[in-house]
Amino acid sequence: MLHGAGALTRSRAPDLLVVGAGVMGGWTAYLAQVGGGRSVTLLDAWGAGHARSTSGDETRITRAAHGSDRLYTRWSRRSLERWKRFGAEHGIELFVPSGVLWFAHRDDGFEAASIPALDAEGVPYERLRPDELRDRWPQIRIDDGLRTCLYEPEAGALLARRGCLALTAAFTTSGGSFHRAAVRPGRARGGRLLEVRDGSGRIWSAGTFVLAAGPWLPGLFPELLGRVIRVTKQDVIHVGPTAGDGRFHATALPAWCDFDAAYYGIPAIDGGGFKLAPDRYGPLFDPSNGERVVDPDSIRLARAYLRRRFPDLAWAPVVETRVCQYEATVDGHFLIDRHPDWNNVWLVGGGSGHGFKHAPRIGEYLLARLDGAAEGEQDGPDEARFRIAPRVPGSAARTAGDEMARTWDLF
Ligand SMILES: Cc1cc2nc3c(=O)[nH]c(=O)nc-3n(C[C@H](O)[C@H](O)[C@H](O)COP(=O)(O)OP(=O)(O)OC[C@H]3O[C@@H](n4cnc5c(N)ncnc54)[C@H](O)[C@@H]3O)c2cc1C
């Protein structure tokens, strides 16, 4: 089979064609290419880590605590090793070892539920009383009913956009073929997709297709995924500490999650601001044409949270804002499944606000499935969660799942 039909040069169709150079497609294509034995093409409508992609922000938290769910704890640890190894091999800093703090307002919440999974997976952590927290990080306010704190010293932040660019660069350096093209499924025959086509009519054929289109997946497959993945606008605010004040830098403060208050954040890295974002769902959002301007209310609410937790930043100026999008599945679990009509097509996405850190393991898992591993062979019955359906609204992944269950029928 030929691909690139219509172009001046024709070449053999690759074994694998990955659509989407975000973190999920990027890791899949890179691992497939360096693993050898396959020819791989990667396509993206705008390029790796671009401003509209969910992976295109500067930073993402990597943490192992995930309530009682051991699979995500295990996957995040394995992925972090991969991120570090990739950074070391390519001479690029992608991981900032700031640690991650969890603020717990209940004794029986997400943080407490995480402890057995952390123990079982051998992840180091500390439990701190609020006064111990204040002694170590006096820039944190603790008098809002904080019960306890969970500290993951080996967690931190990933440099997200830089990571996507580095993955695509490493993919091409090792022989992969990368092109800018916005494609849709084309002809199919005998239960197999034969090609995808771009807007100019150019045809891209391949043996196997991985569609890692992030928030664009429901638009590509509205009937199949329109009620599985919901895309919402997420406003992210960065405030600037006073000149010379290093207390809010990643060398002096961990990244943090306050799920009960529905906020999380990352301290300043390099010259950037102190970042915070709400962990609740914004309005529905069009990832291609949506205006990326934050709502003034998002800034007001962020300041209210800063007053409560980081009071010395409450009136710090906003130095940057960013609109991203969650591509949240109905239950918060990722999507990694074969297309029901085409047995050579895999759909990957549904990051649901926690997918970035896991992308190395997602790519590794998917490639094993492509190589013939049956569902359940790698992580047991837990793998069923990645199927397109059935999914139970609000059944899982994060504390925000409860909120999802309440809001899902508005969709
Ligand atoms: C505000 C916010 C905070 C988050 N915080 C964290 C965090 O702290 N930790 C964490 O682990 N995760 C976090 N996440 C989630 C994480 O960022 C996502 O799960 C992850 O980036 C999704 O990656 P992706 O590759 O699936 O999608 P994307 O990065 O969006 O990549 C999809 C790519 O597909 C391309 N594409 C789409 N359609 C086509 C087409 N038809 N043809 C060609 N190309 C196409 C796009 O151009 C895009 O580049 C957060 C998300 C948000 C929004």
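**View 1. The shell around the ligand, by residue class and by element.** In this predicted model, the residues that form the shell around the ligand divide into 20 nonpolar, 15 polar and 3 charged. Of the 38 residues around the ligand, those that come nearest are G20, G22, G214, G351 and G355. The elements that contribute two or more residues to this shell are helix α1 (23-34) together with the strands β4 (40-44), β5 (59-62), β18 (229-239) and β22 (318-329).

**View 2. The whole protein, as a setting for the close-ups.** The protein contains 10 helices and 24 strands. Its radius of gyration is 21 Å, which is close to the 22 Å given by the globule rule for 411 residues, so the protein is as compact as a globular protein of that length. Taken along the principal axes, the box filled by the C-alpha atoms is roughly 65 × 45 × 45 Å.

**View 3. The open sheet of 8 strands, with mixed pairing.** Read across the sheet, the order of the strands is β8-β9-β7-β19-β20-β21-β18-β22. The edges are taken by β8 (126-128) and β22, and because each of these has a single partner strand, one side of each is left without a neighbour in the sheet. When direction is ignored, neighbouring strands of this sheet are turned against each other by 20° on average. Helix α8 (residues 296-309) packs on the sheet, where this helix touches β18, β19 (255-258), β20 (263-266), β21 (274-278) and β22, and the direction of α8 makes about 60° with that of β18.

**View 4. The pairing of β18 with β22, at one end of the sheet order.** These two strands, β18 and β22, pair in the antiparallel sense, and the pairing extends over 11 bridges. One of the residues to look for here is V239, whose bridge partner in β22 is V318. Both strands are also among the elements that give two or more residues to the shell around the ligand.

**View 5. The open sheet of 6 strands, also with mixed pairing.** In this sheet the strands follow the order β11-β4-β3-β17-β24-β23. Here β11 (177-180) and β23 (335-338) stand at the edges, and since each has a single partner strand, one side of each is left without a neighbour in the sheet. From one strand to the next, the twist averages 15°. At the β11 edge, β4 and β11 pair in the parallel sense over 4 bridges, and D44 stands opposite R180 in β11.

**View 6. The crossing of helices α2 and α9.** Two packed helices are described by the angle between their axes and by the distance between the axes. For helix α2 (residues 70-90) and helix α9 (residues 359-370), the axes come within 7 Å and cross at roughly 100°, which means that α2 is roughly perpendicular to α9. On the side of α2 the contact is made by W75, R78, S79, R82 and W83, and on the side of α9 by A359, P360 and R361. Sorted by class, the residues of this contact divide into 4 nonpolar, 1 polar and 3 charged.

**View 7. Backbone details in two loops.** In the loop between α9 and α10 (401-407) lies P390, and the peptide bond that leads from A389 to P390 is cis, with omega near 0°. In the loop between β19 and β20 lies A262, a residue other than glycine whose phi is nonetheless positive, near 60°.

Notes: Residues are numbered from 1 along each chain as its sequence is written. This is a predicted model: local features need pLDDT of at least 70, side-chain atom pairs count only at pLDDT 80 or more; totals for chains, interfaces and linings use all residues. A residue is near a molecule or strand if its C-beta atom, placed from the backbone, lies within 6 Å of it. Ala, Val, Leu, Ile, Met, Phe, Trp, Tyr, Cys and Pro count as nonpolar, Asp, Glu, Lys and Arg as charged, and the others, Gly among them, as polar. Axes are lines fitted to C-alpha atoms, for helices over the stretch in contact, and angles run from 0 to 180 degrees between N-to-C directions. Angles under 35 degrees count as roughly parallel, over 145 as roughly antiparallel, 65 to 115 as roughly perpendicular and the rest as oblique. Two residues are in contact if their C-beta atoms, placed from the backbone, lie within 7 Å. Two strands pair if DSSP finds at least two bridges between them. The radius of gyration is taken over C-alpha atoms; the globule rule is 2.2 Å times the number of residues to the power 0.38.
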